[in-house]
Amino acid sequence: RGESQSNEAGAIQGGFDATYKMFYAGVWASSVDFGDDTGYELDLYGGIKHKFGGVEADLGVIYYAYPDASDNNDQDYLEVKFGLSGDLTSNIGLSGTVYYSDDYYNQQGEAFIYEGGISIKLGTYGRFSPTFTALIGQVDFDTEVGTTYDFAYWNAGIEVGLMDKITLDLRYWGTDDETNPLRDDRFVATISSSW
């Protein structure tokens, strides 16, 4: 959501997903650097996806855990989400998702997160078929106190398959938070593989 969790350095990430009919579950992990003893994030998630005509609905739950954080640094939190996605045309897809947490990351209290996204297939050029994707979101806290206050975030970029099962994503991230240097605008390159 526009905030670096690696102190503006690189990160190693990986995950595993399983599906059965309309049900899905998964686990995802990433290295982190918060400047303390926390070394990684571990996410557990599951939910139900179902298509109604051309629109897919997604109802799920996500648990964000930081297992090696110190006992007095309670960063774990839970979110529920509801999303809708579908194709506007054969080349354009739209999505919208609402997340809710009764105690957001690092005990910041109740929060709603709203996201809207778009994807546009840009055609085929030889063996490459790039896709433009963009997202805009808003984090709204129930109570704004101390360093806890609402902020907006966004990203836009191109993803393209380099070879079989390997994808390069070049993306620009930004937020409207001018006080937190970890939410500064930044360019992020990601190489991923899935199988």
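This is a guided tour of the predicted model above, stop by stop, with selections to make in your viewer.

**Before you start**

Because this is a predicted model, local features are taken only at pLDDT of at least 70 and side-chain atom pairs only at pLDDT 80 or more, while totals for chains, interfaces and linings use all residues. Residue numbers run from 1 along each chain as its sequence is written, and side-chain values rest on heavy atoms, with hydrogens and water left out.

**Stop 1: the sheet**

Switch to cartoon view and find the open sheet of 11 strands. Its order is E1-E2-E3-E4-E5-E6-E7-E8-E9-E10-E11, with antiparallel pairing. Strands here are DSSP runs of E with at least two residues, numbered from the N terminus, and two strands pair if DSSP finds at least two bridges between them.

Now select 13-20 and 186-193, which are E1 and E11. These strands stand at the edges with a single partner each, so one side of each has no neighbour in the sheet. From one strand to the next, the twist averages 20 degrees; such angles are taken between N-to-C directions, on a scale from 0 to 180 degrees, using axes that are lines fitted to C-alpha atoms.

**Stop 2: three strand pairings**

Select 40-52 and 55-65 to bring up E3 and E4, which pair in the antiparallel sense over 11 bridges. Which residue in E4 is the bridge partner of Leu 42? That partner is Ala 65.

Move on to E6 (92-101) and E7 (111-121), an antiparallel pairing over 10 bridges. Here Val 98 has Tyr 114 in E7 as its bridge partner. E7 is also joined to E8 (131-141) by 11 bridges, again antiparallel. To pick out one of these contacts, show Ser 119 and its bridge partner in E8, Thr 133.

**Stop 3: a nonpolar patch**

Turn on the surface and colour Leu 44, Val 61, Tyr 63, Leu 78 and Val 80. Together they form a nonpolar patch with about 380 Å² of accessible area. Patch members have over 30% relative accessible area and no salt bridge; nonpolar side chains (Val, Leu, Ile, Met, Phe, Trp, Tyr) are joined within 5 Å, and like charges within 9 Å. The areas come from the Shrake-Rupley method with a 1.4 Å probe, and for residues only the protein chains shown count as cover.

E4 and E5 (77-87) are the elements that give two or more residues to the patch. Leu 78, found in E5, is partly exposed at 42% relative accessibility. On this scale, buried means under 20% relative accessible area, exposed over 50%, and partly exposed in between.

**Stop 4: aromatic rings**

Show the rings next: the structure holds 10 aromatic pairs. Rings of Phe, Tyr and Trp (its six-membered ring) pair if their centres lie within 6.5 Å; planes under 30 degrees apart are stacked, over 60 edge-to-face, and the rest tilted.

Zoom in on Tyr 104 and Phe 141, an edge-to-face pair at 5.5 Å centre to centre with 70 degrees between the planes. Tyr 104 lies in the loop between E6 and E7 and Phe 141 in E8, so this pair ties together parts that are 37 residues apart in sequence. Are these residues buried or exposed? Tyr 104 is buried at 8% relative accessible area, and Phe 141 is buried at 8% too. Widen the selection to Phe 34, Tyr 64, Tyr 66, Tyr 77, Tyr 104, Tyr 105 and Phe 141, a cluster linked by ring pairs.

**Stop 5: salt bridges**

The structure holds six salt bridges, each a side-chain nitrogen of Lys or Arg within 4 Å of a carboxyl oxygen of Asp or Glu.

- Select Glu 79 and Arg 1: their closest N and O atoms are 2.7 Å apart. Glu 79 sits in E5 and Arg 1 in the segment before E1, 78 residues apart. Glu 79 is buried at 0% relative accessible area, whereas Arg 1 is partly exposed at 23%.
- Select Glu 3 and Arg 183, which meet at 2.9 Å, N to O. Glu 3 lies in the segment before E1 and Arg 183 in the loop between E10 (166-175) and E11, so the pair ties together parts that are 180 residues apart in sequence. Add Asp 177 to see a network of salt bridges linking Glu 3, Asp 177 and Arg 183.
- Finish with Arg 186 and Glu 8, whose closest N and O atoms are 2.7 Å apart. Arg 186 is buried at 16% relative accessible area, and Glu 8 is partly exposed at 49%.

Definitions and conventions. Helix = DSSP H or I, 4+ residues; strand = E, 2+ residues; numbered from the N terminus. Buried < 20%, exposed > 50% of the residue type's maximum accessible area, 1.4 Å probe, protein only.
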